[in-house]
Amino acid sequence: MSTADLIQRYYDTFNGGDREALLDLLADDVAHDINQGDTEEGKAAFRAFLKKMDHSYAEQVQDLVIMTSNCGTHAAAEFYIQGTYLKTDEGLPPATGQIYRLRVGAFFDVRDGLIFRVTNYYNLKKWIRMVGGAE
């Protein structure tokens, strides 16, 4: 599978809600750079992150654009995340079912056909404005 196909599958499984299929695309020692947060390592941490996100948010990736390096070891994606804020996430404004659409950038490192680094970036202040919270 090409790197572009791997990243496409990553987002297809995300949109399909198949978290185990998504995790199967990750190296066991995956590093996950969370937007404005820490780096977490390993599939168990990634699984816990997905569970936490699914508890508070219902999201779909839209208008996905994937870019890859010539050697296939690096990729980037730009997309919009269309979501509903379901349950209040700690430290963020109260959830009341607000709907949002936010541009996101993601970066990947690939090794042996698996993703071993995922870095996500989005404008948190803009998201807070979208869900009606104070900055």
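## Side-chain contacts at a glance

Glu 20 has a relative accessibility of 42%, so this residue counts as partly exposed. Welcome to a quick tour of a predicted model, with Glu 20 as one of the acidic residues that take part in a salt bridge. There are nine salt bridges in the structure, and a search of the whole structure also turns up ten aromatic pairs. The points below go through some of these pairs, then turn to two buried polar residues and to backbone angles.

**Salt bridges**

- Glu 20 pairs with Arg 47 through a salt bridge between their side chains, with 3.0 Å from N to O. This pair ties together distant parts of the chain, since Glu 20 belongs to helix α2 (residues 19–23) and Arg 47 to helix α3 (residues 43–56), with their positions 27 residues apart in the numbering.
- Arg 47 has a relative accessible area of 38%, so the basic partner is partly exposed, and Glu 20 is partly exposed too, at 42%.
- Another salt bridge joins Arg 101 to Asp 63, whose closest N and O atoms lie 2.6 Å apart. Here the link runs between strands: Arg 101 is in β5 (residues 99–111) and Asp 63 is in β3 (residues 57–68), 38 residues apart.
- The relative accessible area of Arg 101 is 32%, which means partly exposed, whereas Asp 63 is exposed at 52%.
- Asp 109 and Arg 117 also make a salt bridge, and their closest N and O atoms are 2.8 Å apart. Asp 109 is at 12% relative accessibility and therefore counts as buried, while Arg 117, at 22%, counts as partly exposed.
- This last pair belongs to a network of salt bridges that links Asp 33, Asp 109 and Arg 117.

**A buried acid without a salt bridge**

- Which side chain of opposite charge is nearest to Glu 59? The nearest one is Arg 19, 7.1 Å away, and Glu 59 is buried yet has no salt bridge.
- Glu 59 sits in strand β3, and its side chain makes a polar contact of 2.5 Å with the side chain of Tyr 100.
- Beyond the neighbours within four places in sequence, the contacts of Glu 59 include Phe 14, Met 53 and Ile 81, and also Gln 82, Gly 83 and Tyr 100.

**Aromatic pairs**

- Among the ten aromatic pairs found in the whole structure, Tyr 10 and Phe 108 form an edge-to-face pair, with 5.4 Å from centre to centre and 75° between the planes. Tyr 10 lies in helix α1 (residues 3–16) and Phe 108 in strand β5, so the pair links distant parts of the chain, 98 residues apart. Both of these residues, Tyr 10 and Phe 108, are buried.
- Phe 107 and Tyr 121 are also edge-to-face, because their ring planes stand at 65°, with the centres 6.1 Å apart. Phe 107 is in strand β5 and Tyr 121 in strand β6 (residues 114–122), 14 residues apart, and this pair too links distant parts of the chain.
- Phe 107 counts as partly exposed at 37% relative accessibility, and Tyr 121 likewise counts as partly exposed at 48%.
- Ring pairs also bring Tyr 10, Tyr 11, Phe 79 and Phe 108 into a cluster.

**Charges over rings**

- Arg 19 places its charged end over the ring of Phe 14, at 4.7 Å from the ring centre.
- Arg 111 lies over the face of Phe 116, 4.3 Å from the centre of that ring.

**A buried serine**

- Is Ser 56 buried or exposed? Ser 56 has 2% relative accessibility, so this residue counts as buried.
- Ser 56 is part of helix α3. Setting aside neighbours within four places in sequence, Ser 56 is in contact with Thr 84, Tyr 85, Leu 86, Lys 87, Thr 88 and Asp 89.

**Positive phi angles**

- As background, most residues other than glycine have a negative phi.
- Gln 36, which is not a glycine, has a positive phi near 50°. Gln 36 is located in the loop between β1 (26–33) and β2 (39–41) and is exposed, with a relative accessible area of 60%.
- Asp 63 also has a positive phi, of about 55°, although it is not a glycine. This residue lies in strand β3 and is exposed at 52%; Asp 63 is also the salt-bridge partner of Arg 101.

Terms used. Residues numbered from 1 in each chain as written. Predicted model: local features only at pLDDT ≥ 70, side-chain atom pairs only at ≥ 80, totals over all residues. Heavy atoms only, no water. Salt bridge = Lys/Arg side-chain N within 4 Å of Asp/Glu carboxyl O. Helix = DSSP H or I, 4+ residues; strand = E, 2+ residues; numbered from the N terminus. Buried < 20%, exposed > 50% of the residue type's maximum accessible area, 1.4 Å probe, protein only. Lys, Arg positive; Asp, Glu negative; His and termini not counted. Polar contact = N/O pair within 3.5 Å; in protein donor to acceptor, adjacent residues only side chain to side chain. Contact = heavy atoms within 4.5 Å. Phe/Tyr/Trp six-rings, centres within 6.5 Å; stacked < 30°, edge-to-face > 60°. Lys NZ or Arg CZ within 6 Å of the ring centre and 35° of its normal.
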